[in-house]
Amino acid sequence: MRLEDLLRRLHGVRPSGSGYAARCPAHEDREPSLSVSEGEGGRVLLYCHAGCSTEAVVEALGLTLADLMPAASGDGRRGREPAPPPIETARYTYRDEEGRPLYEVRRYQPKRFVQYRREGDRWVPGLGNTRRVLYRLPEVIEAARAGRVVCVVEGEKDADRLAALGFTATTCPGGAGKWRDEYSEALRGAHVVILPDNDEPGRRHAAEVARAVWGVARSVRVVELPGLPERGDVSDWLDAGHRPADLRRVIRETPPLEAPPETPPEPPERPQEARSHDTRALAVRVADVEREAIRWLWPGRLALGKLTILDGDPGLGKSTLYCDLAARITTGRPWPDAPDAPPGEPAAVVIVTCEDGIADTIRPRLEEAGADLSRVHVIQAVREGEDLTVPRLPDHIDAIEAVVQETGAALLVVDPIMAHLGDRINAHRDADVRRALTPLALLCERCGCAALVVRHLNKMTGGDPLYRGGGSIGIIGQARLGLLLASHPEHETADGVRVLATTKANVGAWRPSLVLRLESSEHDPDTGVIRWGGTTPLTARDLLARPKAERPRDEAADWLRERLASAADPVPARDLFAEAEARGISEKTLRRAKKGLGVVVEQVPPRPGGTWYWSLPGAGASHICSDNVFDVPEAPDGQFYKSGHLGDGADDEVPF
C-alpha cells in the first residue's frame, strides 16, 4: 500500500511537516492526532499522539501491518514509487445573492482542501476579508422565500449530491463547527433539515446550527439516518443503496424540534485511577523518522513552524520593524541581509495587537514600507457571545488559528505578549507561561507559519540577554530563536540608529547583527520607516551592557519587588541570589534591596539546615509549610530575626 492509498481511508487529512495529520480511526478523535508519513523504502509510518498502537489503527482501517509495506517489485525487492503530485478532484464555488463568484474551495487527492478568493480576474489562496456565505446561496434564498425544505449538510460534496437528486442543500465553509450567525438569515422562512455526520463533531455541529436558525426558520429538524455507519455522512447512506424517496420519508417521519437543542456535553474523561493501568511511554525509533531540514522564512531569524521572540525597550521601533518585515513577506521582496536574492512568493501576515490603531498607525507604517495591504490581517478583538474582548492566549488560540488557516499566513505577530496573556496566566511563572505559549507553538507547527512574539525588556541592565526580557525565563525558553532590537551604543537613541542582534538560536547558525535606522517618512513625518545598513560585530550582550556608574541604584529593588509580587508563595533566598547574579546583581546589592523593601524572611523548618524564604510584607510568608508554622519576632526597623541573626541565612549579627 502506498501513502496516498492509506490517506484515502482517513478523515480530516491535512498536510503537516513532511507528512500528514488525520483523525485517528482507533479512538473518538475530534482533532487530528494521527501522524502519517512515508518511511524508508516507501513504508507507511503511523503514529497516534493520543496513544493508540499502530496495530489498533490498522485494525480500525480493516488492514494489517503488512499492508503498510510497499508492493514488491518484479525482482522480489520492495521498491518505492515516486509519490504523484496532489490532484485536483473538485472545485466548489461560493456565490453571492446575484450568483457572482465570491470564493471557492478546491479539493485535492490526497484529501485536502484549499480556499481561494477572487481578486480582479484571478484566484489567490486564502479568503482574506472576503464575505462568507452559504454554499449554493441563490438556490437557498429562493427555497426559503417559497417556504420549502433546505437541507444543511457538512460538506460541499454532500450538498452537490443532494442537489443532483432534486433537494435544496447547503453547507458552510469549513464544515463542522464553523457556522456563523450571519448565515442564518438566508434560511428565514425555510423548513430546515439538518443531516449531521455520524460522529461527535457532527452532532455538536447539528445542535449549533439548530440553535442558530431557531426563530428564523419555519421549522427545524435534526435527522439521524438509520443504519448510518460511524463517521458516515448522507453520501455514504445513499451509496449503501438508499434512494431519494427513502431520504424524503425519513425527513417526514422526523418530528420538528419543539425547543432549541442543548449542546451535547463533552465526553467525560476517564478518572485517573481508571487510566493508570494502561499508562505507558510511547517511544519512537529514530530510524523510522525521516530527517527534515529547518524551513526558513528569514534565514537565521524567522523559522517556519517555530517561535521567535523579539525583545526591546518601548519606543525603539519594534512594531515599525515587523511592519517592514510584513511588507517584504507580502510582496516577496528580499530580506535586508540578502538584497540581491531573487524575489520570493508573496504570502499573508496576521498581526495580533491591541496597542496600535489600525487606521492611524498600522496602515501608515505598512504603506510606507510598501506592503501589500490586502495580505495583512489584524486581529484586535475576539467575539465571546455578544461581547468583544482582547485576544488572549491560550483562551483564543482556536480563533487565531482559524484566521491563520484561512489566510495561509506565513508570519503571525503577537504584540506585545504580556497584553495577550489571559487573566489566569502569571507572566512570571514558568508553568503558566508555557501553558500559554505551547498552544501557540503547536499552531505554528500545524499551520507551517513563523511566529514573532514581541516583548518589552525589564528594568535591569547588563547580564545575560536571555534574562533581560520581561516576565518568566520560560518565555524565551519556549522560543527556538531570539532577537533583540536596541539602540546603537555609539549613537543617541534620538538618532534612530538601531541594531538587530540574536539572543538565541536553537535552530540554525547565529547570524551577524544588522544595523538599521528608524527615520520619519518623507510623506508623513509622524510615521517611521526602516532604512537598513550593513552588519556590525556588536552582540546582544554589548548592546545591553552599561557601565556600573550609569546603573540606577533602585534596579535591584525594582526587580526584587516584581519577582516577589509575582510569586504565589515565598521564594527561597538561594533561588533569588542565583537569578539576581544572572542579571548582574550582586548578593550584597540584593540584600540592600531587601532591607529597603522591608522583605519578610523566615526559615523552614526553623532549625539549622532549614531553607530561608523571602516574601513581601503582608504576603503571609509563614504559610509555606503548614507543618512548620512559627513566629519570628520583628525588630523595630522592620527586619526579621532568628536567634539573633538576620533571617535570610546571612552571618551578619545586625541588619545592614
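**Close-up views of selected helices and loops**

**View 1. A loop residue, R231, with a positive phi.** In this predicted model, R231 is found in the loop that runs between strand β12 (219-222) and helix α6 (234-239). Although R231 is not a glycine, its phi is positive, at about 65 degrees.

**View 2. R136, in the loop between β8 and α3**. The strand that borders this loop is β8 (122-125), and the helix that borders it is α3 (137-145). R136 is a residue other than glycine whose phi is nevertheless positive, near 60 degrees. Its relative accessibility is 21%, and because residues under 20% are the ones that count as buried, R136 at this value is classed as partly exposed.

**View 3. Helix α9 and the glycine that follows it**. Helix α9 covers residues 318-331, and the distance from its first C-alpha to its last is 20 Å, which is close to the 20 Å expected for its 14 residues at 1.5 Å a residue. Of these 14 residues, 13 are buried, so α9 is largely enclosed by the rest of the structure. After the helix comes G332, with a positive phi near 80 degrees.

**View 4. The cis peptide bond between L393 and P394**. The bond that leads from L393 to P394 is cis, and its omega is near 0 degrees. P394 belongs to the loop between strand β19 (387-389) and helix α11 (397-407), and the helix at the end of that loop, α11, appears again in View 6.

**View 5. The cis peptide bond between D415 and P416**. D415 and P416 are joined by a cis peptide bond with an omega of about -15 degrees. P416 is placed in the loop between strand β20 (409-415) and helix α12 (430-447).

**View 6. The packing of helix α11 with helix α12**. The axes of α11 and α12 cross at roughly 25 degrees and come within 11 Å; because angles under 35 degrees count as roughly parallel, the two helices are described as roughly parallel to each other. The crossing in which α11 passes α12 is right-handed. On the side of α11 the contact is made by I397, I400, E401, V404 and Q405, and on the side of α12 by P439, L440, L443, R446 and C447. By type, the residues of this contact are seven nonpolar, one polar and two charged.

**View 7. Helix α15 and what covers it**. Helix α15 has 12 residues and reaches 17 Å from its first C-alpha to its last, close to the 16 Å expected at 1.5 Å a residue. The helix is mostly covered, with nine of its 12 residues buried, and these are E555, A556, A557, D558, W559, L560, R563, L564 and S566. Among the elements that cover the buried residues are strands β26 (571-572) and β28 (611-615), together with helices α16 (573-582) and α17.

**View 8. The packing of helix α15 with helix α17**. Helix α15 (residues 555-566) and helix α17 (residues 587-597) pack with their axes 9 Å apart, at an angle of about 65 degrees, and the two helices are therefore roughly perpendicular to each other. Their crossing is right-handed. The contact is made by A556, A557, W559, L560 and R561 of α15, which meet T589, L590, A593, K594 and L597 of α17. The residues of this contact divide into seven nonpolar, one polar and two charged.

Conventions: Residues numbered from 1 in each chain as written. Predicted model: local features only at pLDDT ≥ 70, side-chain atom pairs only at ≥ 80, totals over all residues. Heavy atoms only, no water. Axes fitted to C-alpha atoms, helices over the stretch in contact; angles between N-to-C directions. Helix = DSSP H or I, 4+ residues; strand = E, 2+ residues; numbered from the N terminus. Parallel < 35°, antiparallel > 145°, perpendicular 65-115°, else oblique. Left-handed = near helix turned anticlockwise from the far one by under 90°. Contact = heavy atoms within 4.5 Å. Nonpolar A, V, L, I, M, F, W, Y, C, P; charged D, E, K, R; others polar. Expected span 1.5 Å × (residues − 1). Buried < 20%, exposed > 50% of the residue type's maximum accessible area, 1.4 Å probe, protein only.
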